[in-house]
Amino acid sequence: MRATLTNSPAYQLAAELEPNALGFNLNFESFVPTARRPEVQRRFQTHLTEQELLQLRWLIDDVLTACGAKKLDRPASVDAQVDLWGKFPRHPEEQEKADSVASVHGTK
């Protein structure tokens with residue numbers, strides 16, 4: 001699943017979270033379209049267990065709640081983007097791994 005966090009004519013920041021054999025892979029990537037040689041730059045990558053991912057989720061929820069943020073409905077554009085990314089084909093071995101991890105985590 002991929003989501004664009006910041007998108008302007010000068011800068012883009014995206015987060016990607018996918019299940020893998022170790023749990024979940026979290027990537028943050030940036031892109032500066034106006035750069036001399038524009039290319040996607042990986043800014044942060046880590047592997048998280050299900051428990052670590054839940055702790056991150058709780059941290060984000062706690063901070064938003066403390067700041068008085070209201071619970072927002074998921075925008076339709078996020079669902080459309082998820083569907084779009086789900087249509088890209090994967091290498092057969094990569095797809096097998098993703099399917100087995102998804103079945104273990106109950107996401108498939």
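**Sheet, helix and the surroundings of strand 3**

Helix 1 (residues 50–66) lies across strand 2 (12–20), strand 3 and strand 4, and runs at about 120 degrees to strand 4. The model described here is a predicted one. Its four strands form an open sheet in the order 1-2-3-4, with antiparallel pairing. Strand 1 (2–7) and strand 4 occupy the edges; each has a single partner strand, so one side of each is left without a neighbour in the sheet. From one strand to the next, the twist averages 15 degrees.

Strand 3 comprises residues 23–31. Strand 2 and strand 3 run antiparallel and are joined by nine bridges, and a hairpin connects strand 2 to strand 3 through two residues. One of the bridge pairs places Pro19 with Phe24 in strand 3. Strand 3 also pairs with strand 4, again in the antiparallel sense, over seven bridges. Strand 3 is largely enclosed by the rest of the structure, because seven of its nine residues are buried.

Asn25 is located in strand 3. The bridge partner of Asn25 in strand 4 is His47. Asn25 counts as buried because its relative accessibility is 16%, below the 20% limit for that class. The side chains of Asn25 and Gln45 are joined by a polar contact of 3.4 Å. When neighbours within four places in sequence are left aside, the residues in contact with Asn25 are Glu16, Leu17, Glu18, Asn20, Gln45, Thr46 and His47.

A second point of connection between strand 3 and strand 4 involves aromatic side chains. A pair of aromatic rings is described by the distance of the centres and the angle of the planes. The structure holds one aromatic pair. This pair is formed by Phe28 and Phe44, with 6.3 Å from centre to centre and 45 degrees between the planes, and is classed as tilted. The two residues are 16 apart in the chain, Phe28 in strand 3 and Phe44 in strand 4 (residues 41–48), and the pair thus links distant parts of the chain. Within the sheet, Phe28 stands opposite Phe44 in strand 4. Phe28 is partly exposed, with a relative accessible area of 25%. Phe44 is likewise counted as partly exposed, at 42% relative accessibility. Neither value falls under the 20% that defines a buried residue.

Key:
Residues numbered from 1 in each chain as written. Predicted model: local features only at pLDDT ≥ 70, side-chain atom pairs only at ≥ 80, totals over all residues. Heavy atoms only, no water. Buried < 20%, exposed > 50% of the residue type's maximum accessible area, 1.4 Å probe, protein only. Polar contact = N/O pair within 3.5 Å; in protein donor to acceptor, adjacent residues only side chain to side chain. Contact = heavy atoms within 4.5 Å. Phe/Tyr/Trp six-rings, centres within 6.5 Å; stacked < 30°, edge-to-face > 60°. Pairing = 2+ DSSP bridges. Axes fitted to C-alpha atoms, helices over the stretch in contact; angles between N-to-C directions.
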